[in-house]
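Work through the exercises below with the structure open beside you, and try each task before reading its solution.

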Amino acid sequence: MEKGKLLYEGKAKKIFETEDSSVLWIEYLDQATALNGARKDEIQGKGLLNNQISSFIFKQLKAMGVESHFIKKISKTEQLVNSLQIVPLEVVIRNVAAGSFSKRLDVKEGTLIDFPILEFYYKEDRLDDPFINEDHMKFLELATEDEIKEIKKVALIVNEALIELFKAIDITLVDFKIEFGRYIDGRILLGDEISPDTCRLWDSKTNQSLDKDIYRKNLGDMVSVYQEVLDRLEQLEK
């Protein structure tokens, strides 16, 4: 399969067409952003790590029965995925209070949440990805009631699967963001990526950040932390 025309360049990935209209070619970039893109830096090796981590997690999820757009990793920084019509929603699940949740609701960071809290954000950079509810989604015609129900169901299944996956390598899944899209047969599938860019991960013994907060808060070397996550994940295959 050959890489075709560039279709989209985002903050962390480039998306190319292929000769198969149902398949896209994804290239992960060595770029880190924060504050909705206001801060941007070149981080050598980040794209390679996110591609490997996301590919590994998508394969693990498939083994657990969760379908996604992921087809296969084709190089250190590239993968093939099924083309989806992306639903313009960021779906966030929170298991531990942190980040904007703690600030918005005045809840001490690190407070355990008794049940997974699911949040929706309208994926629109121009509006700074605002928090929305299901009535907003219906009004804006972002998704049907059945699609919203399916997204919520799959998101909670993904949460349980990721909690167990990370628990096995002594990492606490604090919260994470995922996205969904419509496949050509109408099914709602998990899309985008799952990596330390999109998850808040803490070492279960020390509560050390193992995610993008290292960059957001200038806490240290982002690449070495992402490498630590990958190394731990790969231990599961040994």
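The exercises that follow concern a predicted model, and each solution goes step by step.

**Exercise 1.** Determine which strands are the edge strands of the open sheet of five strands.

*Solution.* Begin with the order of the strands, which is 11-10-9-12-15, with antiparallel pairing. The strands that pair on one side only are strand 11 (131–132) and strand 15 (199–203), and these are the edge strands. Next, look at one of these edges: strand 10 (residues 112–122) and strand 11 pair in the antiparallel sense over two bridges, and Phe120 has Ile132 in strand 11 as its bridge partner. Finally, place the helix, for helix 4 (residues 145–167) lies across strand 9 (89–96), strand 10, strand 12 (171–178) and strand 15, and runs at about 155 degrees to strand 12.

**Exercise 2.** Explain where the largest nonpolar core lies with respect to the two domains.

*Solution.* Start from the members: the core has 50 residues, of which Leu61 and Leu162 touch the most other members, and helix 4 gives the most to the core, with nine residues. Because domain 1 (3–82) and domain 2 (85–221) both give residues to this core, it lies between them. Then follow Leu61, whose contacts, leaving aside its neighbours within four places in sequence, include Val66, Val158 and Leu162.

**Exercise 3.** Describe the contact between domain 1 and domain 2.

*Solution.* First, the C-alpha centres of the two domains lie 18 Å apart. Second, the contact takes 25 residues from domain 1 and 25 residues from domain 2. Third, the domains bury about 2,100 Å² between them, with 60% of it on carbon and sulfur atoms.

Methods: Residues numbered from 1 in each chain as written. Predicted model: local features only at pLDDT ≥ 70, side-chain atom pairs only at ≥ 80, totals over all residues. Heavy atoms only, no water. Pairing = 2+ DSSP bridges. Helix = DSSP H or I, 4+ residues; strand = E, 2+ residues; numbered from the N terminus. Contact = heavy atoms within 4.5 Å. Axes fitted to C-alpha atoms, helices over the stretch in contact; angles between N-to-C directions. Core = buried A, V, L, I, M, F, W, Y, C linked by side-chain atoms within 4.5 Å. Buried < 20%, exposed > 50% of the residue type's maximum accessible area, 1.4 Å probe, protein only. Domains from an automatic or database assignment. Buried area = accessible area lost by both parts, 1.4 Å probe.
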